[in-house]
Amino acid sequence: MPDTIFDRILRGEVPNHTVYEDEHVLAFLDIGPLAKGHTLVIPKEAKAHLHELSDESAAAIGRALPRICRALIEVTDVDQYNILQNNGARAHQAVFHVHFHIIPKPDAAQGLKVGWPVGTLDHDEASEMAARLRELTQS
Ligand code: AMP
């Protein structure tokens, strides 16, 4: 996998404002915050996309996220926030090392703004798709 800015941060070659670190995870403040406290949580494992992560890294991130959110709520005094995790350029991924954004939402003007173009669910199609997905996720 090509080197990214986050690999350089992990190697200590680029400075960052670390807010959390353990054996598998590093979290630091985003350099272009959408709101005060905007934090990135990354696995130390070098993978571009979420679906490529090992169970070990995924579990470690799952443990770390709520803990970091609690700390952010205390420090920013903002208890509403979005978790954003982009995969692929079309999905707005700019850095190809897995990362979760924690973006505080202090008011309507700051933080993440989300477009949500609602469709309708075709229940026959949904039933087939869900069955196929159950097969794949349970194997
Ligand atoms: P994404 O569009 O999900 O790939 O987001 C990449 C994020 O990485 C952006 O929010 C950038 O502001 C952030 N970023 C890029 N370089 C750095 C850096 N050196 N330190 C902290 N955050 C960074």
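**Figure 1. The largest cavity of the predicted model has a volume of about 40 Å³.** A search of the whole structure finds one cavity of 30 Å³ or more, a cavity being, on a 1 Å grid over the protein atoms alone, a set of points where a 1.4 Å probe fits but cannot get out. Volumes here are the space filled by probe spheres set on the grid points, which are joined across faces, edges and corners. The lining of the largest cavity is formed by C69, L72, I73, T76, V78, Y81, I102 and P104, where a lining residue has an atom within 4 Å of a point. Two or more of these residues come from each of helix 2 (55–76) and strand 5 (100–104), and helix 2 gives the most, with four residues; helices (H or I, at least four residues) and strands (E, at least two) are DSSP runs numbered from the N terminus. By class, the lining of the largest cavity has seven nonpolar, one polar and no charged residues, with Ala, Val, Leu, Ile, Met, Phe, Trp, Tyr, Cys and Pro counted as nonpolar, Asp, Glu, Lys and Arg as charged, and the others, Gly among them, as polar.

**Figure 2. The largest pocket, with a volume of about 360 Å³, is the space taken by the ligand.** A pocket is an open set of grid points with protein on both sides within 12 Å along at least five of seven lines, and a molecule sits in it if more than half of its atoms lie within 2 Å of its grid points. Of the 19 residues that line the largest pocket, F28, L29, D30, I31 and L40 are the closest to its centre. Helix 1 (5–10) and strand 2 (25–29) each supply at least two residues of this lining, to which helix 1 gives the most, with three residues. The lining of the largest pocket has 11 nonpolar, seven polar and one charged residues.

**Figure 3. Residues around the ligand and its polar contacts with I31, G32 and H101.** Of the 16 residues around the ligand, those that come nearest are D30, H92, A94, H99 and H101, a residue being near if one of its heavy atoms lies within 4 Å. In the polar contacts, which are pairs of N or O atoms within 3.5 Å, a polar backbone atom of I31 is 3.1 Å from a nitrogen atom of the ligand, and a backbone N or O atom of G32 lies 3.5 Å from an oxygen atom of the ligand. An N or O atom in the side chain of H101 is 2.8 Å from an oxygen atom of the ligand. On its own the ligand has 510 Å² of accessible area, of which the protein covers 81%, as computed by the Shrake-Rupley method with a 1.4 Å probe. Helix 1 supplies the largest share of the shell around the ligand, three residues, and the shell as a whole divides into nine nonpolar, six polar and one charged.

**Figure 4. The second largest pocket holds about 150 Å³ of space.** Its lining includes V19, Y20, L29, G37 and T39, together with R67, I68, A71, L72, V75 and T76. Strand 1 (18–21) and helix 2 are the elements that give two or more residues to this lining, and helix 2 gives the most, with six residues. The lining of the second largest pocket divides into seven nonpolar, three polar and one charged.

**Notes to all views.** Residues are numbered from 1 along each chain as its sequence is written, and side-chain values use heavy atoms, with hydrogens and water left out. In this predicted model, local features need pLDDT of at least 70 and side-chain atom pairs count only at pLDDT 80 or more, whereas totals for chains, interfaces and linings use all residues.

Definitions and conventions:
Polar contact = N/O pair within 3.5 Å; in protein donor to acceptor, adjacent residues only side chain to side chain.
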